[in-house]
Amino acid sequence: GRPRSVSLGQVGIRCRFCASLPPSARGPGGTCFPAKLSGIYQAAQNIANTHWPNQCTMVAEEFKQELTNARGQRSTARASKQTWQNR
C-alpha cells in the first residue's frame, strides 16, 4: 500500500499500457504519485526499468525489445534529472 494518501491535484505518472485496466489487474509499479514534483523523474525511470520489462502484461514484446536495444546503444540521448526538473 501507499505510505501516504494522494491529494487532490497531486501530480502523478502511470503506465500508458495498463492504465485502462482495473487497479487489481495492473502490474505493480505502474502508477506513482511522488510527494515532490522532482520525484516524477525517478518514477518514470522505475516504470521504464522495472514495470515495463518485468511487470506489465500489456506491453508488446516489440516495445520491450526496443527498450533493450536502446539501452545497448551508448549514443542514446538521455535527459538528466536536472533537465526534467527545469521543464
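Let us start where two helices meet: helix α1 (residues 39-55) packs with helix α2 (residues 61-72) at an angle of about 145 degrees, and their axes lie 10 Å apart. Those two values are given together because two packed helices are described by the angle between their axes and the distance between the axes. The crossing of α1 past α2 is left-handed. Please keep in mind as you look around that this is a predicted model.

Which residues make this contact? From α1 come Ala48, Asn49, Trp52 and Pro53, and they meet Phe63, Lys64, Leu67 and Arg71 of α2. Sorted by character, the residues of the contact of α1 with α2 are 5 nonpolar, 1 polar and 2 charged.

Now step back for a view of the whole chain. It has 3 helices and 2 strands, and from the N terminus on these elements follow the order β-β-α-α-α. The chain has 87 residues, of which 20% are buried. Of the contacts in the chain with a separation of 6 or more, 51% are between residues 24 or more positions apart.

Next comes the interior. In soluble globular proteins, nonpolar side chains tend to be buried together. Here the largest nonpolar core has 8 residues, namely Cys15, Cys18, Ile47, Ala48, Trp52, Cys56, Val59 and Leu67. Helix α1 gives the largest share of this core, 3 residues. You have already met some of these names, among them Ala48 and Trp52 of α1 and Leu67 of α2, in the contact of the two helices. Another core member, Val59, touches Phe17, Trp52 and Lys64 when residues up to four places away in sequence are not counted.

That brings us to Lys64, a residue of helix α2. Is Lys64 buried or exposed? Its relative accessible area is 18%, and since buried means under 20%, Lys64 counts as buried. Leaving aside neighbours within four places in sequence, Lys64 is in contact with Trp52, Pro53, Cys56 and Val59. Among these, Trp52, Cys56 and Val59 belong to the largest nonpolar core.

Lys64 also has a charged partner. Side chains of opposite charge can pair when their charged atoms come close. The side chains of Glu61 and Lys64 meet in a salt bridge, with 3.5 Å from N to O. The count of salt bridges comes to 1. Both residues lie in helix α2, 3 residues apart, which is about one turn of the helix. The partners differ in their surroundings: Glu61 counts as exposed because its relative accessibility is 55%, whereas Lys64 counts as buried at 18%.

Two further residues help to place the strands and helices. Thr31 is in strand β2 (residues 31-32) and is partly exposed, with a relative accessible area of 39%. Where does the chain bring Thr31 and Ile13 in space? They are 18 residues apart in sequence, yet 5.8 Å lies between their C-alpha atoms. Apart from neighbours within four places in sequence, Thr31 is in contact with Ile13, Arg14 and Arg26.

Asn46, our last stop, takes us back to helix α1. With a relative accessible area of 38%, Asn46 is partly exposed. Asn46 and Cys32 are 14 residues apart in sequence and 9.4 Å apart in space, from C-alpha to C-alpha.

Terms used:
Residues are numbered from 1 along each chain as its sequence is written. This is a predicted model: local features need pLDDT of at least 70, side-chain atom pairs count only at pLDDT 80 or more; totals for chains, interfaces and linings use all residues. Side-chain values use heavy atoms; hydrogens and water are left out. Axes are lines fitted to C-alpha atoms, for helices over the stretch in contact, and angles run from 0 to 180 degrees between N-to-C directions. Helices (H or I, at least four residues) and strands (E, at least two) are DSSP runs, numbered from the N terminus. A crossing is left-handed if the near helix is turned anticlockwise from the far one by less than a right angle, and right-handed if clockwise. Contact means heavy atoms within 4.5 Å. Ala, Val, Leu, Ile, Met, Phe, Trp, Tyr, Cys and Pro count as nonpolar, Asp, Glu, Lys and Arg as charged, and the others, Gly among them, as polar. A salt bridge is a side-chain nitrogen of Lys or Arg within 4 Å of a carboxyl oxygen of Asp or Glu. Buried means under 20% relative accessible area, exposed over 50%, partly exposed in between (1.4 Å probe, protein chains only). A nonpolar core is a set of buried Ala, Val, Leu, Ile, Met, Phe, Trp, Tyr and Cys residues joined through side-chain atoms within 4.5 Å.
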